[in-house]
Amino acid sequence: MRVVLAEDSLLLREGLVRLLDEAGAEVVAAVGDGPSLVAAGVEHKPDVAVVDVRMPPSFTDEGLRAALELRSKVPGVAVLVLSQYVEEAYADDLLSAGGGVGYLLKDRVSRLDDLSDALERVVAGGTVLDPEVVSALFSKRRRRDPLGELSPREREVLGLMAEGRTNTAIGRELVVSQGAVEKHISSIFTKLDLPPSADDHRRVMAVLAWLRQG
């Protein structure tokens with residue numbers, strides 16, 4: 001897959017280029033600010049943009065804004081956002097862009113298997129959220145509207161779904177059968193008034209839509 005990378009730290013940028021190369025990706029451009037990301041993306045039309053959230057000049061959300069601008073100009077490009085911290089508002093903004101997006105903490109990106117898996121899933125149109133981001137989003141929503149209807153196990157299943165896990169992966173993580181996972185998912189959608197679907201991606205997007213709306 002072809003990647004455009006945006007990271008303002010030269011040292012981190014070079015390290016990410018090497019990691020992406022080891023993950024089997026081709027970095028067609030590596031830049032240090034938002035406008036350069038947009039320009040490089042329009043020029044190269046990559047499969048995915050890997051972007052640091054905080055970039056010059058204000059080091060707030062320039063990277064995220066540039067990624068969303070690129071997506072509007074090059075429809076279909078996936079976006080994998082990297083951050084040093086869990087920033088709920090930025091995760092919400094990214095999720096509003098639909099599928100083909102991911103939000104990972106930088107320390108997780110250093111693990112090659114996690115990076116490769118995240119890239120493949122966002123390029124395929126899926127959604128990848130760092131477990132710490134999912135936890136923060138759940139906490140935020142519980143403060144607004146407690147999930148009193150869901151059992152503890154259903155909350156575990158929903159959290160793994162929000163990370164983009166398949167039924168098989170959820171069953172393996174929780175050491176339960178796939179049939180049990182399917183029953184939990186059916187119950188979750190009934191309680192949250194969300195229509196169930198046989199399509200894993202649509203199901204994950206429905207969960208994320210619920211997370212955003214709180």
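What percentage of the 214 residues of the chain count as buried? In this predicted model, the share is 50%. The chain is built from 11 helices and six strands. Among its contacts between residues at least 6 apart in sequence, 64% join residues at least 24 apart.

**Nonpolar cores**

The largest nonpolar core contains 30 residues, and those touching the most other members are L37, V51, V81, L94 and Y103. Helix α3, which covers residues 62–73, gives the most to this core, with four residues. A second, separate core has 18 residues, including V3, L16, V50 and L104. As a general background, nonpolar side chains in soluble globular proteins tend to be buried together.

V81 illustrates the contacts within the chain: leaving aside residues up to four places away in sequence, V81 touches V51, V53, L64, L94, G102, Y103 and L104.

**Helix α3**

Helix α3 has 12 residues, and the distance from its first C-alpha to its last is 16 Å, close to the 16 Å expected at 1.5 Å a residue. Its buried residues are E62, G63, L64, A66, A67, L70 and R71. An α-helix has 3.6 residues a turn, so residues three or four places apart point the same way.

**Residue L20**

L20 lies in helix α1, which spans residues 10–22. L20 counts as buried because its relative accessibility is 1%, and the cut-off for buried is under 20%. Not counting residues up to four places away in sequence, L20 touches V3, L5, A25, V27, V50, L115 and L119. One of these partners, L115, is 95 residues from L20 along the chain, yet the C-alpha atoms of L20 and L115 are separated by 7.9 Å.

**The largest pocket**

The largest pocket has a volume of about 240 Å³. Its lining is formed by L104, R108, D114, D117, A118, R121, V128, L129, D130, P131, E163 and R165. At least two residues of this lining come from each of α6 and β6, and α6 provides the largest share, four residues. The classes of the lining residues are set out below.

| Class in the lining of the largest pocket | Number of residues |
|---|---|
| Nonpolar | five residues |
| Polar | no residues |
| Charged | seven residues |

L104 appears in two of the settings described here: L104 belongs to the second core, and L104 also lines the largest pocket.

Definitions and conventions:
Residues numbered from 1 in each chain as written. Predicted model: local features only at pLDDT ≥ 70, side-chain atom pairs only at ≥ 80, totals over all residues. Heavy atoms only, no water. 1 Å grid on protein atoms, 1.4 Å probe; cavity = no way out; pocket = protein on both sides within 12 Å on 5 of 7 lines; lining within 4 Å. Points joined across faces, edges and corners; volume = space filled by probe spheres on them. Nonpolar A, V, L, I, M, F, W, Y, C, P; charged D, E, K, R; others polar. Core = buried A, V, L, I, M, F, W, Y, C linked by side-chain atoms within 4.5 Å. Buried < 20%, exposed > 50% of the residue type's maximum accessible area, 1.4 Å probe, protein only. Contact = heavy atoms within 4.5 Å. Expected span 1.5 Å × (residues − 1).
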